[in-house]
Amino acid sequence: MWKNILKEDGSSLITVMAITTIISATLLIILSYLLIQTKHLHSKENYLTAKYNSEAGIYVYLSELEKYWHYQKWMRPVNRTININPKDSVLITAYPWGSFIHLESYSQKKDQSFKLRTYIGLNPSAVFNSSVVLNPKYSPVVLTGNTKIYGDMRTGKHGVKKGTLAGKPFTGSKLVYGEIIRSEVDQRPSIEKEYLHSLYTDFRLILSQNVTDNFNEIVSDTSTIISFAHSSNPIENILYITNKDLNLRNRHISGPLTLISKEKLTINSSLKLDNHIQILSNKSIIIKGKVNFENVLFYSPENIIISNPNYFEGQVFSENSIQINRNSRLDYPSVLVVYTEKDTGSIQLYPGSNVSGSIIYLTEKDTLLFGQYRGKIVIHENAQLNGLIYSDNFTTLSGHVNGTVITDRFYFYYSPTNYFNWINGATIDREAIKSNFKLPIFFKSSGNYLTPLYFR
Amino acid sequence: MKKLYYKSDSESGYTVIEVLVSLIILLIVVIPLTQFIGYLLSDEKNIEKINATYLAEKEMEHCIINRAYENNKFEEIINGRHYLIKRNIENKGDIIRIKVEVLLLNKNKILANFETLRKPDFSEF
């Protein structure tokens with residue numbers, strides 16, 4: 001061609017075609033760039049519209065929930081569309097999830113979609129701003145050793161005093177680094193026992209069902225990643241599981257899903273569970289493998305023991321006792337609940353353990369046993385709770401609480417004596433808790449309003 | 001076919017130099033023209049839209065995070081362009097509708113428009 005160009009002999013068509021191609025390609029690139037830019041811009045606009053619609057969906061649903069709370073609308077799973085404005089709507093999926101309500105809001109705007117997930121909990125009312133709230137019948141509270149209390153303390157009319165234990169006096173320079181509010185009126189916020197009762201009744205009902213679908217029949221032995229993402233709530237899929245199924249390979253099971261068992265479960269594997277899996281067992285549950293659990297819920301009428309998980313964010317419900325062993329960490333918003341008709345159970349945080357969330361011990365009946373054998377929450381030395389302790393029985397504190405302690409009485413045993421309403425060597429710091437800490441939903445009757453825990 | 005090919009290979013109308021010169025002239029005219037038209041048609045509008053979307057998002061987030069639940073109107077200048085940002089709060093019972101509009105000041109045309117709903121007594125994250 002170049003030879004012909006030089007000769008100027010018969011090359012013009014090819015040259016024109018070549019140059020035209022170059023020009024066309026250049027123009028095409030420019031136009032494509034403009035087109036992509038415009039598309040990107042519209043995508044961004046649609047994405048933001050979908051995002052704001054999803055958020056709007058959460059608040060519209062929350063508002064309805066608040067309005068109809070007393071009709072217990074929350075008890076049934078919800079899957080419906082809500083109109084946000086004349087042009088847009090969102091799909092709302094909600095179901096009770098232990099101490100919270102799980103809520104999803106899905107919005108689509110042309111090519112863009114947005115899904116928001118949150119838990120609905122409660123914004124704490126003013127009484128939760130105190131570091132300690134006690135049954136006013138029992139006062140004074142006696143502080144001994146190096147006990148330190150930061151924040152207001154609500155007690156009976158005899159307030160707080162120093163005490164000496166086995167020759168060792170109270171070492172602090174101040175009794176309470178805050179106000180001591182004395183009152184004969186019980187200022188402890190109440191719990192909607194009805195809610196907890198329904199929750200536990202549901203657990204028992206699910207366990208009593210004659211489930212014929214076995215986990216090992218629908219999942220092959222070689223599967224390591226098993227997803228049930230097609231379900232809209234955990235009750236839609238209820239499977240019978242064995243201890244072997246939970247320890248076979250290092251499986252990753254993703255919900256929503258309910259797994260029930262009639263045998264003692266001991267999880268030793270590096271099992272991974274996420275996206276709303278509840279495991280309900282008639283017998284005790286022991287978790288001691290390097291597990292990764294997120295959005296999980298465990299229920300057992302017997303004991304539940306957690307030892308050193310790799311990651312744990314979830315809720316644990318027992319009718320007897322919960323034990324968080326040494327150096328175990330449970331992330332926010334974890335919740336440990338013992339709700340029992342006996343009042344001799346316990347929730348114990350052993351040395352080095354660290355729990356972020358709420359610990360609740362509640363007795364079904366209103367009249368409690370007398371004496372040292374009553375149910376209790378025990379925070380051992382060097383254990384830490386970031387959040388709320390609520391016990392309608394005893395609380396034994398030797399560790400650290402960043403948050404609020406609401407209890408009938410404090411208690412500890414130092415051989416050979418029982419010390420009622422004494423605190424020995426604990427720290428309670430109300431200011432150290434994060435301001436966005438939210439309560440479980442069964443504190444609703446105490447004037448707390450519904451709120452999302454986070455947006456994900 | 002062979003004849004046609006032969007014919008196109010030995011065209012003797014314009015010389016390559018003539019064609020090249022005409023193409024260069026064409027390029028000198030067409031390329032800036034295309035850019036100008038493209039700029040007029042798309043790029044200028046896109047830039048305005050990008051800025052407006054950015055401003056609307058910024059205002060919406062500011063309003064939500066700071067719980068600034070009252071009407072507001074202000075101007076902002078980006079690269080010499082004057083934008084008017086309007087925040088409108090409408091009460092709908094226990095819920096409020098937050099509407100943010102961004103206009104190019106001299107054109108009075110809405111370039112970006114977002115709305116969402118909130119419950120004023122709820123905390124944000």
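Reader: Which residues lie nearest the centre of the largest pocket?
Author: Happy to start there, and keep in mind that this is a predicted model. The lining of the largest pocket counts 15 residues. Those that lie nearest its centre are Thr49(A), Lys87(A), Asp88(A), Lys109(A) and Asn113(B).

Reader: Which elements give two or more residues to the lining of the largest pocket?
Author: One of these elements belongs to chain A and spans 12-67, while its companion belongs to chain B and spans 109-118. They are α2 of chain A and β4 of chain B.

Reader: Where does the largest share of that lining come from?
Author: The pocket has a volume of about 370 Å³. The largest share of its lining amounts to 5 residues, and the element giving them is α2(A).

Reader: Let's move to chain B. In what pattern do its helices and strands follow along the sequence?
Author: Good place to look next! Chain B has 2 helices and 4 strands. Read along the sequence, the pattern is α-α-β-β-β-β.

Reader: What percentage of the residues in chain B is buried?
Author: Chain B has 125 residues. A residue is called buried when its relative accessible area is under 20%. In chain B, the buried share is 38%.

Reader: Now to chain A. Is His102(A) buried or exposed?
Author: His102(A) sits in strand β3, which covers residues 100-109 of chain A. The cut-off for a buried residue is under 20% relative accessibility. His102(A) has a relative accessibility of 1%, so this residue counts as buried.

Reader: Which side chains make polar contacts with the side chain of His102(A)?
Author: There is a polar contact of 3.1 Å between the side chains of His102(A) and Glu104(A). Another polar contact, at 3.2 Å, links the side chain of His102(A) to that of His276(A). Leaving out residues up to four places away in sequence, His102(A) also touches several residues, including Tyr95(A), Trp97(A) and Arg117(A). The partners you asked about are Glu104(A) and His276(A).

Reader: How many residues of strand β27 of chain A are buried?
Author: Strand β27 runs over residues 384-397 and has 14 residues. The strand is mostly covered, and its buried residues number 13.

Reader: Over how many bridges does β27(A) pair with strand β28?
Author: Let's visit the partners of β27(A) in turn. Strand β25 (residues 354-363) pairs with β27(A) in the parallel sense over 8 bridges, and strand β26 (residues 376-379) does so over 4 bridges. Strand β28 (residues 400-414) is also a parallel partner, with Gln384(A) standing opposite His400(A). For β27(A) and β28, the number of bridges is 10.

Reader: Which residue in β27(A) is the bridge partner of Ile359(A)?
Author: For Ile377(A), the bridge partner in β27(A) is Thr395(A). For Ile359(A), the partner in β27(A) is Ile389(A).

Reader: Why is one side of β9 and of β30 left without a neighbour in the sheet?
Author: These strands belong to an open, parallel sheet of 3 strands in chain A, in the order β9-β6-β30. Each of β9 (160-162) and β30 (422-424) has a single partner strand, so one side of each is left without a neighbour, because both stand at the edges.

Reader: What is the average twist from one strand to the next there?
Author: The sheet follows the order β9-β6-β30. From one strand to the next, the twist averages 25 degrees.

Reader: Last one! Which residue in β9(A) stands opposite Val141(A)?
Author: Strand β6 (residues 141-144) runs parallel to β9(A) and is joined to it by 3 bridges. Opposite Val141(A), in β9(A), stands Val160(A).

Technical notes
Residues numbered from 1 in each chain as written. Chains lettered and ligands numbered in written order. Predicted model: local features only at pLDDT ≥ 70, side-chain atom pairs only at ≥ 80, totals over all residues. Heavy atoms only, no water. Buried < 20%, exposed > 50% of the residue type's maximum accessible area, 1.4 Å probe, protein only. Polar contact = N/O pair within 3.5 Å; in protein donor to acceptor, adjacent residues only side chain to side chain. Contact = heavy atoms within 4.5 Å. Pairing = 2+ DSSP bridges. Axes fitted to C-alpha atoms, helices over the stretch in contact; angles between N-to-C directions. 1 Å grid on protein atoms, 1.4 Å probe; cavity = no way out; pocket = protein on both sides within 12 Å on 5 of 7 lines; lining within 4 Å. Points joined across faces, edges and corners; volume = space filled by probe spheres on them.
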